[in-house]
Amino acid sequence: MIVPAKYPSTPDGRYFVVSGRLWRMSNPALPPGERQRLVDQLMAARRQVGAARKAGDAMAERAARDAVDAAKHGLGERGPVWWSDGAPDYNRRLVKNTPYADWYAKLVQADA
């Protein structure tokens with residue numbers, strides 16, 4: 001996943017931070033073609049979520065959200081972690097409540 005510069009990524013490349021919350025990065029070991037296929041699926045599924053919501057079709061929205069989830073699992077952003085060193089997953093956690101807290105505090109201070 002390419003993350004805009006305004007969303008810093010952790011030094012180990014596992015997460016990026018948005019509004020003080022960690023979000024898991026895509027698996028960097030995915031072959032480029034596979035990554036692109038999954039990103040395309042993710043974007044199509046997100047468009048389907050919007051269309052289903054606009055149409056008020058709860059069943060279609062559920063199916064589209066399931067497709068989003070499947071693409072995110074394929075990318076490694078959800079489900080089992082893609083790293084192999086046994087480190088726990090801090091996905092969706094507040095950075096201040098994780099081992100990345102000091103790193104982030106220094107980063108925020110440097111930007112102030």
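**Exercise 1. The loop that holds R92**

Locate R92 in this predicted model, describe its backbone, and decide whether R92 is buried, partly exposed or exposed.

Solution.
- Step 1: R92 sits in the loop between helix 2 and helix 3, the latter covering 101-111.
- Step 2: The phi angle of R92 is positive, about 70 degrees, although R92 is not a glycine.
- Step 3: Buried means under 20% relative accessible area and exposed means over 50%, with partly exposed in between. The relative accessible area of R92 is 39%, so R92 is partly exposed.

**Exercise 2. Overall layout**

State how many helices and strands the protein has, and give the pattern they follow along the sequence.

Solution.
- Step 1: The protein has three helices and two strands.
- Step 2: Reading along the sequence gives β-β-α-α-α.
- Step 3: For the dimensions, the C-alpha trace spans about 45 × 30 × 25 Å along its principal axes.
- Step 4: Of the 112 residues in the protein, 31% are buried.
- Step 5: Take the contacts between residues at least 6 apart in sequence; 57% of them join residues at least 24 apart.

**Exercise 3. The hairpin**

Work out in which sense strand 1 and strand 2 pair, then describe the turn that links them.

Solution.
- Step 1: Strand 1 covers residues 15-18 and strand 2 covers residues 21-24; the pairing is antiparallel, over four bridges.
- Step 2: The register can be read from two pairs. Y15 is opposite R24 in strand 2, and V18 is opposite R21 in strand 2.
- Step 3: The two strands form a hairpin, with two residues between them.
- Step 4: One residue of this turn is S19, located in the loop between strand 1 and strand 2. Its phi is positive, about 50 degrees, although S19 is not a glycine.
- Step 5: The relative accessibility of S19 is 74%, so S19 counts as exposed.

**Exercise 4. Two faces of strand 2**

Assign the residues of strand 2 to a covered and an uncovered face.

Solution.
- Step 1: In a regular strand, side chains alternate between the two faces of the sheet.
- Step 2: In strand 2, L22 and R24 form the covered face.
- Step 3: R21 and W23 form the uncovered face of strand 2.

**Exercise 5. Packing of helix 1 and helix 2**

Describe how helix 1 and helix 2 pack, giving the angle and the distance between their axes, and list the residues that meet.

Solution.
- Step 1: Two packed helices are described by the angle between their axes and the distance between those axes.
- Step 2: Helix 1 (residues 32-55) and helix 2 (residues 58-75) pack at about 160 degrees, and their axes are 8 Å apart.
- Step 3: An angle over 145 degrees counts as roughly antiparallel. Helix 1 is therefore roughly antiparallel to helix 2.
- Step 4: The crossing of the two helices is left-handed.
- Step 5: On the helix 1 side, the contact residues are R35, L38, V39, Q41, L42, A45, R46, Q48, V49, A52 and R53. On the helix 2 side they are A60, E61, A64, R65, A67, V68, A71, K72, G74 and L75.
- Step 6: Sorted by class, this contact has 12 nonpolar, three polar and six charged residues.

**Exercise 6. Single residues in the two helices**

For K72, A60 and R37, give the helix and the exposure class.

Solution.
- Step 1: K72 lies in helix 2. The relative accessibility of K72 is 12%, so K72 counts as buried.
- Step 2: Leaving aside residues up to four places away in sequence, K72 touches L42, R46, E77 and R78. Among these, L42 and R46 belong to the helix 1 side of the helix contact.
- Step 3: A60 is also in helix 2. At 31% relative accessibility, A60 counts as partly exposed.
- Step 4: A60 and P11 are 49 residues apart in sequence, and their C-alpha atoms are 39 Å apart in space.
- Step 5: R37 is in helix 1. With a relative accessible area of 37%, R37 is partly exposed.
- Step 6: R37 and R53 are 16 residues apart in sequence, and the C-alpha to C-alpha distance is 24 Å.

Notes:
Residues are numbered from 1 along each chain as its sequence is written. This is a predicted model: local features need pLDDT of at least 70, side-chain atom pairs count only at pLDDT 80 or more; totals for chains, interfaces and linings use all residues. Side-chain values use heavy atoms; hydrogens and water are left out. Axes are lines fitted to C-alpha atoms, for helices over the stretch in contact, and angles run from 0 to 180 degrees between N-to-C directions. Angles under 35 degrees count as roughly parallel, over 145 as roughly antiparallel, 65 to 115 as roughly perpendicular and the rest as oblique. A crossing is left-handed if the near helix is turned anticlockwise from the far one by less than a right angle, and right-handed if clockwise. Contact means heavy atoms within 4.5 Å. Ala, Val, Leu, Ile, Met, Phe, Trp, Tyr, Cys and Pro count as nonpolar, Asp, Glu, Lys and Arg as charged, and the others, Gly among them, as polar. Two strands pair if DSSP finds at least two bridges between them. Buried means under 20% relative accessible area, exposed over 50%, partly exposed in between (1.4 Å probe, protein chains only).
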